[in-house]
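Reader: I should be grateful for a close look at a single part of this structure. Please take one helix and describe its surroundings in connected form.

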Amino acid sequence: MSTETSESAALPPTRPSSTPSRRTFIATTSAAGGVIAAGGLVAGPSLLGVEEAVAAEAPPSSRVSLTVNGKRYTVTVDNRTSLLDLLREHLGLTGSKKGCNAGACGACTVLVDGRRVNSCLTLAVRLEGAEVTTVEGLAKGDQLHPLQQAFIDQDAFQCGYCTPGQIVSGVGCMQEGHTGSAEEIREWMSGNICRCGCYVKIVRAVEQASGRK
Amino acid sequence: MHPFSFTKAPSTREALEAGRRGGRYIAGGTTLVDLMRETVERPETLVDISGLPLDEVTVTERGGLRIGALVTMSEAAAHRKVRTTYPVVSQALELSASAQLRNMATLGGNIMQRTRCTYFRDVTAVCNKREPGSGCAAREGYNRTHAILGTSEDCVATHPSDAAVAFAALDARVHLLGPDGARSVPFADFLLRPGSTPNREQALSKGELITAVEIPACPRPLKSGYLKVRDRQSYEFALTSAAVALHIRGGVIREAKVAAGGVGTVPWKLPAVERALIGERPSERLWARAAESAADGARPLEHNRFKVELLKRTVERQLRIVGESK
C-alpha cells in the first residue's frame, strides 16, 4: 500500500517542479495513494495497521496545533497517530524514516522544541504548541546545514535510510555539547543504528560539523 | 493499537480525579506507547501529566535530594547537584537507552517501566504478568536475559531500569500522591517481587501518582558509580549491573551501599556485600571477598547460568573502581 502522493509539499522547495524525483516517480506509478487535503487536514489513523482500519466506529480524535519547520499546522488526528505518521502520512514530510517503530533504531529522530526525540514514540496529540524540526527543515534554502554538508563530504552513508535520523540526531548531539571526542560522539549517537555500518564516517561527519576536524 | 481517549491534565487535582476514574497517566510515553502499539497495554483513557509542576530538583531540609517525577532522564543526569553528589545516579541514567529516549522519558516513568521480557511483549505467548494465570513462557523458553534473583514459579522477568538500581542502593524513597493524600514509601517496598501476582508491579493504589524520588542525605565524602555489563557497548539493557556508593574516612569504609541490576525481578539490594565492607580497609582482597556473596540465593534458569559468575565479577569490579577512585 502506498501513501505517497504528488502533493507538492512533499518535495524539497529547491527542486524545479518539472524535474521528476524518485518520490514523484513512485507516487505517479503506484496505483493507489492516500489523498491529502493540504488546507484543512484531517489525519486518519496510520494506514499501516490492519486492526486500525477495521475499527468499527470513528476512533477518538483530537485537534492539535503545532509548528513543523516553521510552518504552522492545525490538524485533527486520531489519538493513536504518532508524530512520525503525522509527518510522513499526513504532512508529506517523508524525510523522517520509519525503521523499527519502537524507539530502537533512531531513524525517526526529529527535534521537538529543540530536543532530539524518537517521533515514532511521540503521540501527535500531545504536541499542542510544539515546534518540530525535521531533516527537511535544516537547510536554509540552497544552503545545506553544516552537518548535511559534512555527511556528503565524509561519505557518511551507504543505503541512506538511517541518514535523516543520523543527521537530526547529530544536530541534537552538537547542540547538547557532546562532541568533545570521537568516543563521546559515538556514545551520544548510539541511539541511531546504521545497518550499513557507516559509524566511522558518521562520527567524522559530526566531528567536521562541530569544528573538531 | 487500540483506540483511546486523551486528556491533558491542567492541574494535579484534575489528574488525580482522572486517575481515580481509571485514566492511565502518561509522561514521557517511551514505554507505554511502545507497549500500546504491541497491544500489550490497552488503556481506554490516557491522562497526559506532562504539564504538572513536578519537574524540579531540590535539596531537602535534611540535605538529601528530591527529584521531581517529571524531570527527564537527561535533565536529571545533567543536573549539577546530581552529578556532584550522586554520580551513581547520573551514570546509571546516562548508560540507559539513548539520548533521544532520555530526552523524552521521565524519572517517574523510568521506575514504572515494564520488563523487556520478550514473552511479555509478545501477545501470542503466555505470560502471567500480562495475562494472570496463563503461564510463564520464559521459564522453559529462551531465558538468557532473565532474572536469577527474586523469581517465582509464575515470573522470571527482570526489572529493566538502571536508575532504579542506583535509587535502591541509595535507599531512596518514592513520594506518592493519591485521592487519599500524600505518602512516601521506601524504594525497596515500592517495586514488588512477582510472587503469585506478577501483574502487580508497584505498591500503588488506584489513581496514585509518583510526585518525586528522594535520595536521603549521605555522609560526605561519598564516592559512587554505576557499572553496566551488556551485549553491546551502548543503547542496550543490562545483563548485569552494579551501583556502588562508599563512604571512606580514615582509610576505613564507614558506609557501603550496593545494589545490582539485570539480575533481579526488582532492583537487587545486596546487604551481605555491604556488611562485608563496613569497618574494613579497601584492598584487592576485600573487593573479591565482599563480592563473593553477591549472587547468594540465585536460582538460574537454563540459559542464564552465566549471570551468577558475571554478577559477582561485576560487583567486584565496581567495588574496585569506586573504592580506588580519587
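Author: The account below begins with helix α1 of chain B and then turns to the strands and the chain contact.

The model is a predicted one. Helix α1 of chain B spans residues 12–20, and its buried residues are B:Ala15, B:Leu16, B:Ala18 and B:Gly19. These residues lie on the same side of α1(B), because the arc they cover around the axis is only 160°. An α-helix has 3.6 residues a turn, so residues three or four places apart point the same way. The buried residues of α1(B) pack against five strands of chain B: β1 (5–8), β2 (24–26), β3 (45–48), β6 (173–178) and β8 (209–215). After the helix comes B:Gly22, which has a positive phi, near 105°.

Among the strands that receive the helix are β1, β2 and β3 of chain B, and these three form an open sheet with parallel pairing in the order β1-β3-β2. Its edge strands are β1 and β2 of chain B, each of which pairs on one side only. From one strand to the next, the twist averages 30°. Four bridges join β1(B) to β3(B) in the parallel sense, and B:Lys8 stands opposite B:Asp48 of β3(B).

The contact between the chains takes 28 residues from chain A and 19 residues from chain B. On the chain B side, β1, α2 (32–37) and α6 (99–104) each supply at least two residues. The greatest contribution to that side comes from α6(B), with five residues. By class, the side of chain B that touches chain A has nine nonpolar, seven polar and three charged residues. Strand β1 of chain B thus appears in each setting: it is packed against by the buried residues of α1(B), it is an edge strand of the sheet, and it supplies residues to the side that touches chain A.

Notes:
Residues numbered from 1 in each chain as written. Chains lettered and ligands numbered in written order. Predicted model: local features only at pLDDT ≥ 70, side-chain atom pairs only at ≥ 80, totals over all residues. Buried ≥ 20, exposed ≤ 12 C-beta atoms within 10 Å, placed from the backbone. Arc of directions from axis to C-beta. Contact = placed C-beta atoms within 7 Å. Nonpolar A, V, L, I, M, F, W, Y, C, P; charged D, E, K, R; others polar. Pairing = 2+ DSSP bridges. Axes fitted to C-alpha atoms, helices over the stretch in contact; angles between N-to-C directions.
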